[in-house]
Amino acid sequence: MPPDLLSAAVLLGNYVLVPGLAYAAQLALGALGITLVFGILRFANLAHGDLMAFGAMATILATWQLQAWGVGLGPLPTALLALPFGMAAAIAAALAADRLVFRFYRRRRSAPIVLVMASLGVMFVLNGAVRFIIGPDDRQFTDGARFLVKAREFKQETGLAEGLSIKTTQCLTVVVAVVVVFLLFRFLQRTRTGKSMRAYSDNEDLALLSGINPERVVLIAWAIAAALAAIAGALYGLDKSFKPFTYFQLLLPMFAAAILGGIGQPVGAIVGAVIVAFSEVTVTYAWKKFLHYLLPGPWQPDGLAQLLSTDYKFAVSFAILVLVLLLRPSGIFRGRVL
Amino acid sequence: MTPAVRNGAALAAVGAALAAVGFGQSWPLAFAVLNLCLISALMSLAVNIQWGYAGLFNIGIMGFAALGGLAGVLVSRPPVPAAWAAGGGGLFIALLILMAAGGLALALARYMPRNRTRTAALAAVVLVGLFGARAFFDPAVDAIEAVEPAKTGYLGGLGLPILLSWFVGGLFAAAAAFVIGRIALGLRSDYFAIATLGISEIVIAVLKNEDWLTRGVKNVTGLGRPVPYEVDLQQDPLFIDMVAVLHSRSLEALTGAAHEDALREFAVQSSSLFVKLCYAGLFLAVLAVVFWLSERALHSPWGRMMRAIRDNETAAGALGKDVTRRHRQVFILGSAVVGVAGAMLTTLDGQFTPAGYQPLRFTFLIWVMVVVGGSGNNLGAVLGGFLVWFVWIEAEPAGLWTMQALTSGLPADSAFREHLLDSAAHVRPLVMGLILLLVMRFRPRGLVPARSGPTGGR
């Protein structure tokens, strides 16, 4: 049998490309927030995962309310309408945390590690708040059309052996992420505030000398990071399902992405997220069927041809993190070495 | 207040709290809380060694504690000969292949010139080694897990007394700390923190999924005990005599069957109390030894050097101290103590449940203990361990009680009331987070500040 290139490609698209892209988009939004806080406030914010959970929770609550009122978007999930509410809640939470916790240490010029510890406390509080308000269980809040492309229809129309299915939420995730990232970059490159943020991140003293108001920069950095966190959290919840504890486990891949790309480099965070997401998906994917399409009979593997079981996907982001720290601590885009 | 008075007052407060549980709820419960307090204090002491002496922010405590727990299984469970026969050889070959590939890769990395060919050769060796090892590993694991999966399905342990596992657990954790230390120390503290977070998640994932080693989420129950079993005590004439003597006053008035029944009742109560006391004695001994050693270390020239490094790494480095090496040393020591504490915890539970390791409980709670106690101070860390564990344990009934009091005005079938009562358990992380933030802000040096030099307010 000649290698069936087309089927192999569709298979890869269905199980690696599409889920990987959606995951990369979610990670990128989270990693962008982390890298912004890292760049402007100069500490690793451990509360970011739970900030995502908080934003997602607010989005879910608003979605339920909208659903109860019968408001919807047709084929698109109602959560899209509720998203601004989630973003507002996350921004409020982040600003409150900054005002009540982080500002104190910033003014005292405490060592960064003290701020990291304080973020641990904020994480605890947010985690408790989320679990108190919405409970620790799985929450489903998707509605609208489930699939954009259905596997069976795809098979019928193309006549291929392999089907391709794209969930609405996956497509939505990527589209929203692209739009948000585009807006963010325009903001950072074109507006006066964005430029002052980049200046502050690059060289704090010089920025202060040129009359940039540090409190304003910090405020906007928190607001953007929190808005991104809420979007990322809601999209992740839509795509998979919302469970408060999963967000804590996203911290590691997000930090790996931010450090891989270079701390304080927004482009780096996105590239890092894509690399981390696709490494995770490809390393934990069982390549057996793919190889069966490509290789002649005797070469075909008997096993699953899976490098690591999916339970070890943390190990992938951890390995990436370790390699970056060992080989190039400043990351791909030469970010700051904190 | 002088420090001595304050420390005495804090100790007395903890004692009074435990006594209140004893009188108010029950004495076995009070001692159960005390035992966990002792283990918490040991963990908090260990983290204090890392943070207070060296400023290392380790948020992977859970992983080291779990490694200690693993030692409990591997040391105390009897070996499963059928499983060894089925898959031991395959595992051994897989290990050999991995070691050979690893050695070859290291040799290549060292002796080949740095170019594309080396990268390709390295990748090839690693891939071939990985798949070669998997070819033997997978069938061996399947064979092992097929051996009576409901009862064993794993290799078992060495069948040695479980007390030995406290030592082995320390070794396991130290070995893991050595590897992480080589990679992540010497970088900025944030990176180190994230790396420890990662390794602990990986350790837990391994323990949950490698059924041939730990039975995974099927748990290992019935671990050995270093102290007698309650049932045996209740049959032991010596113990019964002892109980009779202790309770002679209340037994005097009774005769015949009533006397017998009362005696049996007392024996049951006392046996449970006696077992908990034995554990408390063992834990207290370990805690005392570690405490004494770390106090000695803190006041030795080594301790002065560590404090100097903590307070100003650059200056200490300029004076010829090898900062990274000292950090590694302290990281390994502290992690070993966490491993010991983890093994002790598994011993107390009598079972190993990988799914029970939650970062909230095993990493972040310990951090609250250290911060509350006052970092850099051993006595503070111990007191913090006691206090915070006590609050953590009692927060759940207290939270529920508060919620009931708050919602008593609402109608009984109100959904809102239902929700609040259901969620009361989740108030705990909230309370812990608030305690951490408040202590950091308003008492940055903790309840028991260190005598020499500022630490908590760093």
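How many residues of domain 1 of chain B are in contact with residues of domain 2 of chain B? The legends below address this and related views. The model is predicted: local features need pLDDT of at least 70, side-chain atom pairs count only at pLDDT 80 or more, and totals for chains, interfaces and linings use all residues. Residues are numbered from 1 along each chain as its sequence is written, while chains are lettered from A and ligands numbered from 1 in the order in which they are written.

**View 1. The two domains of chain B.** Seven residues of domain 1 (3-79 + 156-442) meet twelve residues of domain 2 (80-155) in chain B; contact requires C-beta atoms, placed from the backbone, within 7 Å. The bounds come from an automatic or database domain assignment. On the domain 1 side, three residues are nonpolar, two polar and two charged. Nonpolar covers Ala, Val, Leu, Ile, Met, Phe, Trp, Tyr, Cys and Pro, charged covers Asp, Glu, Lys and Arg, and polar covers the others, Gly among them.

**View 2. Helix α4 of chain A.** This helix (a DSSP run of H or I, at least four residues, numbered from the N terminus) comprises residues 112-134. In α4(A), 20 of the 23 residues are buried, that is, 20 or more other C-beta atoms, placed from the backbone, lie within 10 Å of their own. Just after α4(A), A:Gly135 has a positive phi of about 85 degrees.

**View 3. The contact between chains A and B.** Chain A contributes 40 residues and chain B 35. On the chain A side, α4(A) provides the largest share, 15 residues. That side holds 30 nonpolar, eight polar and two charged residues.

Definitions and conventions. Two residues are in contact if their C-beta atoms, placed from the backbone, lie within 7 Å. Helices (H or I, at least four residues) and strands (E, at least two) are DSSP runs, numbered from the N terminus. The expected span of a helix is 1.5 Å times one less than its number of residues. A residue is buried if 20 or more other C-beta atoms lie within 10 Å of its own, exposed if 12 or fewer, and partly exposed in between; C-beta atoms are placed from the backbone.
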